[in-house]
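Hello,

Here is the structure I promised to pass on to you. Have a look through it first, and then read my notes below.

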Amino acid sequence: MADARSPLLRAQGLGKRFRGLAAVDDVSIDLHVGEIHAVIGTNGAGKSTLVNMLSGELAPSTGEVRFADHDVTRWSQPRRARAGLGRSYQRTTIFGEFSVLENCRLAAQASEPRPWLVWERAAHDARGLAVAERVLDAAGLAGEGGRIAATLSHGAKRQLEIAMCLATAPRALLLDEPLAGMGAEETGRMLALLASLRPTHAILLVEHDMDAVFKVADRITVMVNGRVIASDVPERIRIDPAVQLAYLGDGH
Amino acid sequence: MASDAGVSDAVIADVGALPDIGRREAGGWLVPAAAALVVAALPLAISPYGQDVVVRIAIYAIFALSLELIVGAAGLVSLGHAAFLGIGAYATVLASSDSGASLALLVPLAIGAAAAYALAVGALSLRTRGVYFIMVTLAFAQMAYFVAHDTKAGGGSDGIFLYIKPTLVVAGLTLVDLGQRLHLYYAVLAALVATYAFIALLLGSRFGHALAGIRVNEQRMRAAGFATTPYKLAAFVIAGALAGLAGLLLAVKDGAVNPELLSWHESGAVLLMLIFGGIGSLRGAVIGAVAFTLLKELFQSEALLGPLASHWQLTLGLTIIAFVAALPRGLIGLGARLRGAARG
Amino acid sequence: MDLATFLVQCLNAVQYGLLLFLVASGLTLIFGIMGVINLAHGSFYMLGAYLAFALAPWFGDWFFSRLLVGVVLAAAFGYLLEWIFFSFLYERDHLQQVLLTYALILVFEEMRSILVGNDVHGVTAPSWLAGGFRLGGLMEYPWYRVFASVACLVVALALYAVVNRTRLGMMIRAGASNRDMVRGLGVDIRRLYRIVFAGGVALAALAGMIAAPLSSVYPGMGSSVLIVCFVVVVIGGIGSITGALVASLLVGVVDTFGKVFFAEWSGVGIYVLMAVILVWRPEGLMKRGF
């Protein structure tokens, strides 16, 4: 259920121009704790650009981003991450060479890096290992810690990516197509995971899988050609004529 | 932590060169320790000329290990590492007066000078990535080369001589006199062991694991909240400092320095050592230094190759091409493949 | 410094910059389109210079014929080299490319040593370009240097025309931004790469041929030009011809005037320039593109 408190992440008037072409134009979006806010749109609608501006990987041409009442528009991605903004990527971004456990332990290390303690073995990082076990459990990968990450199935790798996001205890999550390439069973597991995270996190979900989006989202924003054409609860989006025309097609 | 049980070598081969972390190389630290003991006992069995060769190889092993920290661990290809070797060497010679100098002064000075240049170069170079980084590091090394080669302070193309080797005198007692062959031998061996142990320590620490993470997937590291540039810069500076140490030892051993120490041939050579041995492995760095030095001696040996020896650049060049094409993971990779084949 | 000397230095700076542009444009094209870092590029410059030396007795004053033959030979060499060696480098990582092309330098240096020895050679300018014109009281500026600048400028314009106005140029630009798409359009990407590579080699060799009477022909000339070219590419941005031109001229100015004002420290001038650019605009003066 949508939370009536002020939004954890608020973006206003975000815009990005590349050599005169507006990839994103005057987009505003809010994320509240306890709410999954989905962003849908056709290819080239500007969804990835939007996410990159929210995460700090791309500087906006116009507009501002506020996180927990701080203006983070000029903050780098690592700084936003440390403040509690996590993100997953469309293309699986994990450490394939390392074990699943090390993937999460290393991500957890970001919360307490202390790199100058060179005599301490990373392998004995009790705090990090404990966090890693916990997030692997939460993501449904308990017991897989010893495997090399590259050997996981595609769906498991996506779960690992979510686990790594959780390792730094973020309050907001930007998830870029977490269901990409998943079969029905894996999708179900991922959606259950997202639902379990909903009460305690503010979640932005960029997705193409319409069934999944309508199943799990509390709010849906529709983007076309870099602009927001509708932003509302799923029931009203489903019957919105502009959305039907531009995106969903007849008879949906 | 990760165990090897249940992960086949085929998977490891697919995944490419694995970092040291989470995976024990055959024999753990016993193998390097045993090797060090063997080298320590060698002077009993080999001639002074042989000891000379060992010292030379050991110094280059330190140089190679220092580069391994940035190429193998952090994944940064630097084509200008010889600059730090050269700066350490030149600092040593320039700070030594006609009556010799104390190691207590020279060691921090050589390391400090090299580290300072590494800090400046690193801060600027790390503003770039990929191929730009390679070109920029090469360019800054060339800048140092020109200072050594062209300026009066640098001594010109003939270089500078070191007439009196440095010593370490404590309370009137000469503890170390690098003018004596055995002192130099064990000093270099000690420096090699210390460098190896230090880098191994770093790689197993939080810092080292973060470096490995940056190498494997810098984007994920930033997404998790690591400010990645300071890590890379720290690795670059430490690597430069250790190369400076190698430079000091080289200057002492040769009794002279010349601008070619900073040339890109030197930078290329140390990269070759790493790829010969196998990137991502400390043992590989040492093995590579041994292999490269011996190979170069072989190709230049008229006794063994006759008239072909004067064209050693050709033989070396063709060998490198064949080697890199056939064995991209170096001798260590070859060893792993043979072990895997033996296991059946 | 009086006006005449200043003018001479300006002319020298432009001439050096334009010559550098020829070599650097080949390097940046090859890198921008094929993604290969080629340490041996300087060897092609050296190849050109030695070609000028080797062909001189046969062509005498037939200067343009000599240039033409040299360029054709160099292009053919480049075409072959791409086929038998460089095409295997495209999938390899940067470190391997660096080491393989470094090994190539060693091979080239040794082949040169075997074929023509290690001596320094002079190449005389054609007689119809001998002498110079007066610039103020005592200064005489050589005609050959003027010719060199003009020739490089003509080539630069031709390069611009080919890249921006021909179908080949369009394929090149497309290939630079999206290899797979170009392949999908039915363009034989391998032949395209071969042509681009041959072109890059020809440009560098041409520069070497033109430079031969100015700087003489000596063993180390490949390495010295290569590193300067790297500085040019860093400053100008990879894959950008315009960037290479602007950067080459900048480097020409800094290097030439540096020698005048800073004597023994002049060698570091261009690296200081590079450092300044890195602080101000790390991605190079021009963003990626032509």
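In which sense do strand β1 (residues 9–18) and strand β4 (residues 62–67) of chain A pair, and over how many bridges? They pair in the antiparallel sense, over five bridges. Strands here are DSSP runs of E with at least two residues, helices are runs of H or I with at least four, and both are numbered from the N terminus. Two strands pair if DSSP finds at least two bridges between them.

Before you read on: this is a predicted model, where local features need pLDDT of at least 70 and side-chain atom pairs count only at pLDDT 80 or more, while totals for chains, interfaces and linings use all residues. Residues are numbered from 1 along each chain as its sequence is written, and chains are lettered from A and ligands numbered from 1 in the order in which they are written.

**The sheet.** β1 and β4 belong to an open, antiparallel sheet of four strands, in the order β2-β1-β4-β5 (chain A). Its edge strands, β2 (21–31) and β5 (70–71) of chain A, each pair on one side only. You can also find Leu9(A) opposite Phe67(A) in β4(A).

**The domains.** An automatic or database domain assignment splits chain A into domain 1 (1–84 + 171–190 + 197–252) and domain 2 (93–169). Their C-alpha centres lie 26 Å apart. Eight residues of domain 1 of chain A are in contact with nine of domain 2 of chain A, contact being C-beta atoms, placed from the backbone, within 7 Å. On the domain 1 side, helix α6 (residues 184–197) of chain A gives the largest share, three residues.

Enjoy exploring!

Technical notes:
Two residues are in contact if their C-beta atoms, placed from the backbone, lie within 7 Å.
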